[in-house]
Number of protein chains: 12
Amino acid sequence: MDLLLINGPNLNLVGKREPSIYGSQTLEDIQEELFNVAKEYEAKLKFFQSNSEGEIIDCIQKSVGSIDGILINAGAYTHTSIALRDALLGVAIPYVEVHLSNIYAREEFRHKSFLSDKAIGLVCGFGPMSYQIALQGIVSYLKQA
Amino acid sequence: MDLLLINGPNLNLVGKREPSIYGSQTLEDIQEELFNVAKEYEAKLKFFQSNSEGEIIDCIQKSVGSIDGILINAGAYTHTSIALRDALLGVAIPYVEVHLSNIYAREEFRHKSFLSDKAIGLVCGFGPMSYQIALQGIVSYLKQA
Amino acid sequence: MDLLLINGPNLNLVGKREPSIYGSQTLEDIQEELFNVAKEYEAKLKFFQSNSEGEIIDCIQKSVGSIDGILINAGAYTHTSIALRDALLGVAIPYVEVHLSNIYAREEFRHKSFLSDKAIGLVCGFGPMSYQIALQGIVSYLKQA
Amino acid sequence: MDLLLINGPNLNLVGKREPSIYGSQTLEDIQEELFNVAKEYEAKLKFFQSNSEGEIIDCIQKSVGSIDGILINAGAYTHTSIALRDALLGVAIPYVEVHLSNIYAREEFRHKSFLSDKAIGLVCGFGPMSYQIALQGIVSYLKQA
Amino acid sequence: MDLLLINGPNLNLVGKREPSIYGSQTLEDIQEELFNVAKEYEAKLKFFQSNSEGEIIDCIQKSVGSIDGILINAGAYTHTSIALRDALLGVAIPYVEVHLSNIYAREEFRHKSFLSDKAIGLVCGFGPMSYQIALQGIVSYLKQA
Amino acid sequence: MDLLLINGPNLNLVGKREPSIYGSQTLEDIQEELFNVAKEYEAKLKFFQSNSEGEIIDCIQKSVGSIDGILINAGAYTHTSIALRDALLGVAIPYVEVHLSNIYAREEFRHKSFLSDKAIGLVCGFGPMSYQIALQGIVSYLKQA
Amino acid sequence: MDLLLINGPNLNLVGKREPSIYGSQTLEDIQEELFNVAKEYEAKLKFFQSNSEGEIIDCIQKSVGSIDGILINAGAYTHTSIALRDALLGVAIPYVEVHLSNIYAREEFRHKSFLSDKAIGLVCGFGPMSYQIALQGIVSYLKQA
Amino acid sequence: MDLLLINGPNLNLVGKREPSIYGSQTLEDIQEELFNVAKEYEAKLKFFQSNSEGEIIDCIQKSVGSIDGILINAGAYTHTSIALRDALLGVAIPYVEVHLSNIYAREEFRHKSFLSDKAIGLVCGFGPMSYQIALQGIVSYLKQA
Amino acid sequence: MDLLLINGPNLNLVGKREPSIYGSQTLEDIQEELFNVAKEYEAKLKFFQSNSEGEIIDCIQKSVGSIDGILINAGAYTHTSIALRDALLGVAIPYVEVHLSNIYAREEFRHKSFLSDKAIGLVCGFGPMSYQIALQGIVSYLKQA
Amino acid sequence: MDLLLINGPNLNLVGKREPSIYGSQTLEDIQEELFNVAKEYEAKLKFFQSNSEGEIIDCIQKSVGSIDGILINAGAYTHTSIALRDALLGVAIPYVEVHLSNIYAREEFRHKSFLSDKAIGLVCGFGPMSYQIALQGIVSYLKQA
Amino acid sequence: MDLLLINGPNLNLVGKREPSIYGSQTLEDIQEELFNVAKEYEAKLKFFQSNSEGEIIDCIQKSVGSIDGILINAGAYTHTSIALRDALLGVAIPYVEVHLSNIYAREEFRHKSFLSDKAIGLVCGFGPMSYQIALQGIVSYLKQA
Amino acid sequence: MDLLLINGPNLNLVGKREPSIYGSQTLEDIQEELFNVAKEYEAKLKFFQSNSEGEIIDCIQKSVGSIDGILINAGAYTHTSIALRDALLGVAIPYVEVHLSNIYAREEFRHKSFLSDKAIGLVCGFGPMSYQIALQGIVSYLKQA
């Protein structure tokens, strides 16, 4: 089982800025931990982060054939990018939407997502633990499919 | 760690009706499995289901003092009940919002929740697995708190 | 052919209060008359009334297996209860939505119904005669099905 | 008792096109059957169909003095014609709004009617049977008036 | 100076129905009086009434070359007909919008007009006197132009 | 017959500024001409202009007992002042709403008036002639009342 | 004079939870104090509290004949329950809407009430004192009626 | 304790116009009665009324240092004046919003207030008694503060 | 291949009025040219124009059996006529929506079309050339079907 | 170069109330400093402040002929006064809109301005420095004009 | 005549993914065919595709001086990118908006385009043939210009 | 004091295209002038321009530690990019929003900014002078901080 975790804009700052909100774990720390958890599920987890909408689309398109499931925290692009939605639908790889924070407890413009209605499911609000939870979800989904 | 899983209206039908949507696991099956998973986390999980908004509020109020965290799938009341929100805020017990289906892939009136902005987090779309995922989330939250 | 007529909140007041609007026939009178009309159609009509959303849901759930069609005047819950909608969809029993008054001639918040798009049909505005008309509709529908 | 059934745009196609939706009864078949049912109520039922908003208004205006009640299925004009509403109010003949299909189960622009708030009542969703049900309603209304 | 008064749907009923609202002057009476007032302004006033949107458009198109100004009470088409607006703009004859009743004191859907922003001016609410007032307005406008 | 013409904010600039829009007649010129036209109707016309909402309200309140009808061009207060509306309703003197320009051909925030639904009628778009037309309207109304 | 104070969902928690918001007086304390104040007005005050919408409706219906006026703090049902509104209108007992907190200073979904337009009046924001103030209002209203 | 009652536009007409709505007590009568009730609370009550938004703001600003609490019935300015809100917030004197009529039973544009979310509380619908009730509220608030 | 070009209200004015917008080609010129282009595609093109919604519906209904594809420029009816939409769906003949002007560069009420979501495609903005382009589209579509 | 700085309602309180928000500089202090900065630009700066909408309009009207540019901080009137907009457009003196605070960081009703679309430019958020910045802007604009 | 065809995000997937929707022609196939059609019009057609909004803007900016007309299928950026609109307006090269699918038959968020009101025209719904049709449009437009 | 001026999409065209709107100064000219003005304030001003949202985010992230304040003219991204907002908040460097044109005098979709509520302040409408004005603002802000 080959999985891909995509992190969108500004998520490279996690653990480096605003620790009171996002904790002190860096994205690298989080990914390392996740990689190990994935191994327990006998899954191989790859990682991609970019601040550029176009590069994320390129990455999704290139996943065809090698990736079985995607975990995506598209950051702010969640709320503005129809192009990301199209890329995910275009490649037809099952994906789970993840957010570190509870997006419904934030500004109203973060309540709308262009990704959720086509996702398998959505996980948000658990901080870095959100990724582990979402990982469990996608693995469980792929095993049943 | 004492936890409570609340299921709202019509969730007693799970596994009995519309199996193509909700699978063939009954609520009782799901709860039994969850009880065991909770045990692994050294948590004691109790269960409550009702079709009545008032009874769910009563149940939440009675949890004060004996329950550390709540998992709640309020079903249709998620979208219409401010009274449930008030009960959860009134008792000030941390809770996670759970849904079997991906509510964002359904009718638009299911996209708005009166519970999510005050929840720790939200999990939806993974079928019965949603509960296990949410359980992991609340346990992880309570351990850090 | 087994049919069920469900009356929601405040409909137990019909004929007792506000006679200028609802006439002087009590709900009991109306039901007696309806029972006889149903007999002519060789249908057996049962009755249920409650002011509680939860009790109506319970009643709908219990109809599975014994009821072929439902006539429902959900009163004010028509406009606010997604849970009733879910119960009706969950049991998958065909139903007709009925109202004594013309709901489109009343406050704007009564123009929206959570039940109509999934109903076989809708009848409103004919006073107690609305029930007889709706009865004819459901019988005719069930005979064709 | 003299009654008029008005059918608006495209209803002349019923039974000729889209039989899976509207059945195979033509408008002529339906009207013949209705004429006989009306006779049982000792009512004389006339018929009018036009695709033109102006002609329907002319027809309504000419009914003054000779028609006691109107059944109207204004088709698409239901949702767009204030002029039809004005004509019906201008002649002050009681009318019932009828639709073959359940308009609330169709596109959102069919949920709004310019006729319903001033109608005696509304019947929709029972296919050709809708007309018979509505006929029963107007007859019952006129007998009480 | 050649002028045309266009009356839209249901205005042929004026004075015949609903006298408490529109008075007991028929459209013919009103037009006769207006014809004489127009003469005092040395203007020749013609009249047209139809319940059909298409016929009114035809009439407007035929006015090119023979009519200097239009008074139009488009009745209910005021609020729904973009085609009338296009016809009036297409022939580029100055026009005044008139209404017998105060349209802002009626249902909200009568507050919007597709004609007013391109009219010279608007007169409403004075009953049959509205036409005389509007006549004075168009004459005064044409004399200055 | 005693009449009052009220002009609201910035209407004292008419004829002095923006002549291409409002013409070169000053408010004084317009009022003088109107005074004479009123005389022909055997009406006595008084005038009031103020840029202050409060002063206009004071003026309306003081009209009780001495004024039979009001012509009001409330300028920008038309669209923002509920207090003016209340004053006019409080004194219960019939009034006509007037505007020099066609308010529907201007910014959208000028399309809504707090005065029109309670006015006898509305006249707009004829420049200074709007006042004469409105005068004819109020006189005709008062003679019939 | 027989009066009834109805408290809706979660108001049984007052004084027990969130003392910083609602003070340390329990509902029982408040009611005792109110009972005495009512006595000074020569009124007999009864009390009812429930978390269930249906039970509150039952209670309102049973008040017919024995209660002259109702004070109602419907809590969250204020904003969601058309059925409560219908019950109050059905029994036609004058009522005053009360809230402990200033509902306009809270979430926007608490700004809309299904009860206020048919109430005698509304009192909110004064904490437990709100009830005393509202009591004075209903007593004063009933004495004048 | 020094208190100020501010009455906004058109409230000087109370008791003089529209007695069927506002009763026959003039503002002077009401104020005299209130003055005496205030005395019982050992409070000194001053009065101010103006039809001018600017003058009310001036009055509020001048209250700094001499007034402990404000009762304000801002009339129509309640719904349109952000400047009044700013004045009240600027001087930071606690205030209660009062209305004679039930503003929620009137036109929709009266349902929104720029004052309520920052007020201690709101009282409306009890006629002149509203002021006494509000007085009790502000006194009780100031005694606790 | 038999094709029909339908032109709606006011399109008979093309080339006769407002040449700066629509050019100096009359509808007859345009149709002649189109007829010849159609011939090159081995298609026979018929023409229909009417200012009446009802007549256009009649025309569409009569096309069944003799027409393979429709080009329709419904003019203003594009934005207001659900009945035209129903007629086109009723006959189930593939159609292309055409406009001479770019409707998105005009008034906002022209941005919504009741025809486009069920059309094969949409062409607008190229003046008379729009018809040739749309013709190429429908021919290409029908050849592939 | 003659310039005018207009300050609207409650800005006379600056430096006297709420120092944590607006600083401790009074309006007089700010104006004195600005006067000197203006001198460096060889401009003469006059000042006007009022809490009354009408007086500000009067002031703007009187500026014709003596003032070359206006700096206006209309306070709360920014969001509610169309009359101020009309006055500024009426006199056709170029103006710059200024605010001490960042209006986009405050309540949503402060995000809309009736003045900005016709202003040369907008400056907000820099506290008293906003005036100096705006002054530089208007001077620079007038030098280029 | 030098033309440029720009394809936005995910359009590089055409013919490779989702063949049932987009057919089996790849973008390369489509472009080759288009190149030849363009030659027949004596036009030279260049091609650009990118998933990055910024790169498309760069490409548009570089077209100044060498490109006479642009065909643009901006994919999902059509609905979200004001920056693309600005680039097209900045370089002032005439452009035609093209879509493979009928965007009005898809999700509502695809009905709004930031490009159409400034385009020469719009073509959508004809699959790859849309490009040929749009090509004919731009060539025809440029020949007339 | 180290400052950064960020210019977003299409601002590299300034002075090269549309000189009637933006003047004939190129971005390079403007930056040179600004650099010198900054020197007078003893500030070092750096420059960055990109048409790519992702590159601007990268640039903002890299500013941490070396930049004290940011001037940002995000062009069209102002209205669509939540990711830019997140980047600016993530790095927590104070910033001022700048626009050459008055965005409130342009299309409505330019009236909303995702950047303004978190900016120190906003300057727009003064052409290239906007930058100098904004520079004065950020310098003044940083000196006080």
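These are short exercises on how chains meet in a predicted model, each with a worked solution.

Residues are numbered from 1 along each chain as its sequence is written, and chains are lettered from A and ligands numbered from 1 in the order in which they are written. Local features need pLDDT of at least 70, side-chain atom pairs count only at pLDDT 80 or more, totals for chains, interfaces and linings use all residues, and side-chain values use heavy atoms, with hydrogens and water left out.

**Exercise 1. Find the relation between chain A and chain B, and the C-alpha of chain A nearest the axis.**

Step 1: Superpose the copies by least squares on the C-alpha atoms of residues with pLDDT of at least 70 in both. A turn of 180 degrees and a shift of 0.0 Å along the axis lay chain A on chain B, with an RMSD of 0.0 Å.
Step 2: Name the relation, which is that of a two-fold axis.
Step 3: Look along chain A for the C-alpha nearest the axis; A:Val123 has it, 2.3 Å away.
Step 4: Compare the contact residues (heavy atoms within 4.5 Å). Of those in chain A, 100% recur in chain B, and the same surface serves both copies.

**Exercise 2. Describe the contact of chain A with chain B.**

Step 1: Count residues: 21 come from chain A and 21 from chain B.
Step 2: Take the buried area, meaning the accessible area (1.4 Å probe) that two parts lose on being put together, summed over both. Here the two chains bury about 1,700 Å², with 59% of it on carbon and sulfur atoms. On the side of chain A, A:Tyr104, A:Phe126 and A:Gln136 lose the most area, together 30% of what that side buries.
Step 3: Check for salt bridges (a side-chain nitrogen of Lys or Arg within 4 Å of a carboxyl oxygen of Asp or Glu). The count between chain A and chain B is zero.
Step 4: Assign the residues to helices (DSSP runs of H or I, at least four residues, numbered from the N terminus). Helix H6 (129-144) of chain A gives the most to this side, with seven residues.
Step 5: Sort by class, where Ala, Val, Leu, Ile, Met, Phe, Trp, Tyr, Cys and Pro are nonpolar, Asp, Glu, Lys and Arg are charged, and the others, Gly among them, are polar. The side of chain A has twelve nonpolar, eight polar and one charged residues.

**Exercise 3. Work through chain D and chain I in the same order.**

Step 1: Chain D is laid on chain I by a turn of 120 degrees and a shift of 0.0 Å along the axis, with an RMSD of 0.0 Å. That is the relation of a three-fold axis, and D:Thr80 has the C-alpha of chain D nearest that axis, at 4.2 Å.
Step 2: Only 12% of the interface residues of chain D are also interface residues in chain I, so the copies meet through different surfaces.
Step 3: The contact takes 16 residues from chain D and 17 from chain I. Between them the chains bury about 1,300 Å², 51% of it on carbon and sulfur atoms. D:Asn10, D:Arg17 and D:Phe109 supply 36% of the area that chain D buries here, more than any other three residues.
Step 4: Two salt bridges cross this interface. In one, I:Arg85 pairs with D:Glu107, with the closest N and O atoms 3.1 Å apart.
Step 5: By class, the side of chain D that touches chain I has five nonpolar, six polar and five charged residues.

Key. Helices (H or I, at least four residues) and strands (E, at least two) are DSSP runs, numbered from the N terminus.
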